[in-house]
Amino acid sequence: MYKTQAMVLSRFELGEADRVLTLLTPHDGKIKAIAKGVRRPKSRIGGAVEPFAELHLVMIRGRTFDIISQASVGEAWLNLRDHLESSATAWYLGELAQRAVEERATAYPVYALLRRAFQLLDDGMAPGRVARWYEYGLADALGMRPEVDRCVECDRQLDETETFRWVPALGGVLCERHPGPPTEQVGLSLGALKLLKAYRRLDIEAIAALRIPPAVEAEAEDALRRFLRYVLEREARSLAFLDEVRAGP
Ligand SMILES: [Zn+2]
C-alpha cells in the first residue's frame, strides 16, 4: 500500500461498475489505477475520484493496475467544471501531460504545472492564455523549450526588421538567411514572435494582463500547437472538442 496525491488525466469505464483512471502523481509520474465499484451509488470513493481536483489516495499495488483503496478530495476546482471552454481546455492540458509523462517516472514539474493551470482556469483566467503558458512550460519541462531569441540555424540574434519562419522540427525560429528545410515551416509575424517571447519571460499574471490583437494571439496559438504536436509526435485528440466548443453553436 502507498499514499499519493493525484489528478485524474483520463478515464474509461470497465465492466459493470468499475472505472480505469490514468492519474498524474507528483512523485510516481503517471499511474493506471482501477476504482472498483465506483459507479455504484453507494461507492465510498465514487464522489471523490473526479477530474479537475487534487486527490489524496491510498493505493494498493497491482500487476496491471494499482487499486484505489481510499480517496478523498484535497482541492476541487469546481468553477473550472462549470465553464465549458475552461473544462475543455483542462481536458486538453491533461491529455498533453498524459502524453508527455512516462508511467512510474518522476514528473514533479509537470504535476506542479498542471496543478497551477487548473487553479488559473478555476480563477477565471482566459483559457487560451493558460493553455499557451502551459504548452510553453510543458515543452520546457521536457527539455525542449522553443528558441525565440536566436535563429535555430545560425545562432544569430534575430533582428526585428527581418522575416521569420517557425520550424518546430528545428526547435523554434529560423532567420531569413536560410532556405527553408524540407520539414514543416510557417511564417511568423513580429507580433507573434514578441508574444512567444513574452510567454517565456513573463509570469502568467503579467501575460493575462496583456492586450493582444486576436490575430497575433491566433498565430501564437498555431505556432505552439505545431510545436507541441512535433514534441509529442501527434496531435492531441481533445483539441477537436476544444475547437468545437470555442467555435460555439
Ligand atoms: Zn539564421
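Student: Which residue in β8 is the bridge partner of tryptophan 166?

Tutor: The bridge partner of tryptophan 166 in β8 is valine 186. This is a predicted model, in which local features need pLDDT of at least 70 and side-chain atom pairs count only at pLDDT 80 or more, while totals for chains, interfaces and linings use all residues. Residues are numbered from 1 along each chain as its sequence is written.

Student: What makes β6 and β8 a pair?

Tutor: Two strands pair if DSSP finds at least two bridges between them, and strand β6 (residues 164-167) and β8 are joined in the antiparallel sense over three bridges, so they satisfy that definition. Strands here are DSSP runs of E with at least two residues, and helices are runs of H or I with at least four, numbered from the N terminus.

Student: Why are β7 and β8 called edge strands?

Tutor: The open sheet of three strands has the order β7-β6-β8, with antiparallel pairing. Both β7 (172-174) and β8 (186-188) are edge strands, as each pairs on one side only.

Student: How do you know that the protein chain is as compact as a globular protein of its length?

Tutor: The radius of gyration, taken over C-alpha atoms, is set against the globule rule, 2.2 Å times the number of residues to the power 0.38. For 249 residues the rule gives 18 Å, and the protein chain has 20 Å, which is close, so it is as compact as a globular protein of that length.

Student: What is the span of α3, and what is expected?

Tutor: The expected span of a helix is 1.5 Å times one less than its number of residues. Helix α3 (residues 108-122) has 15 residues and reaches 21 Å from its first C-alpha to its last, close to the 21 Å expected.

Student: Why are Val110 and Leu114 of α3 called buried?

Tutor: A residue is buried if 20 or more other C-beta atoms, placed from the backbone, lie within 10 Å of its own, exposed if 12 or fewer, and partly exposed in between. The buried residues of α3 include Val110, Leu114 and Phe118, and of the 249 residues of the protein chain, 34% count as buried.

Student: What describes the packing of α5 and α7?

Tutor: Helix α5 (residues 190-201) and helix α7 (residues 214-231) pack at an angle of about 65°, with their axes 9 Å apart. Those axes are lines fitted to C-alpha atoms over the stretch in contact, and angles run from 0 to 180 degrees between N-to-C directions.
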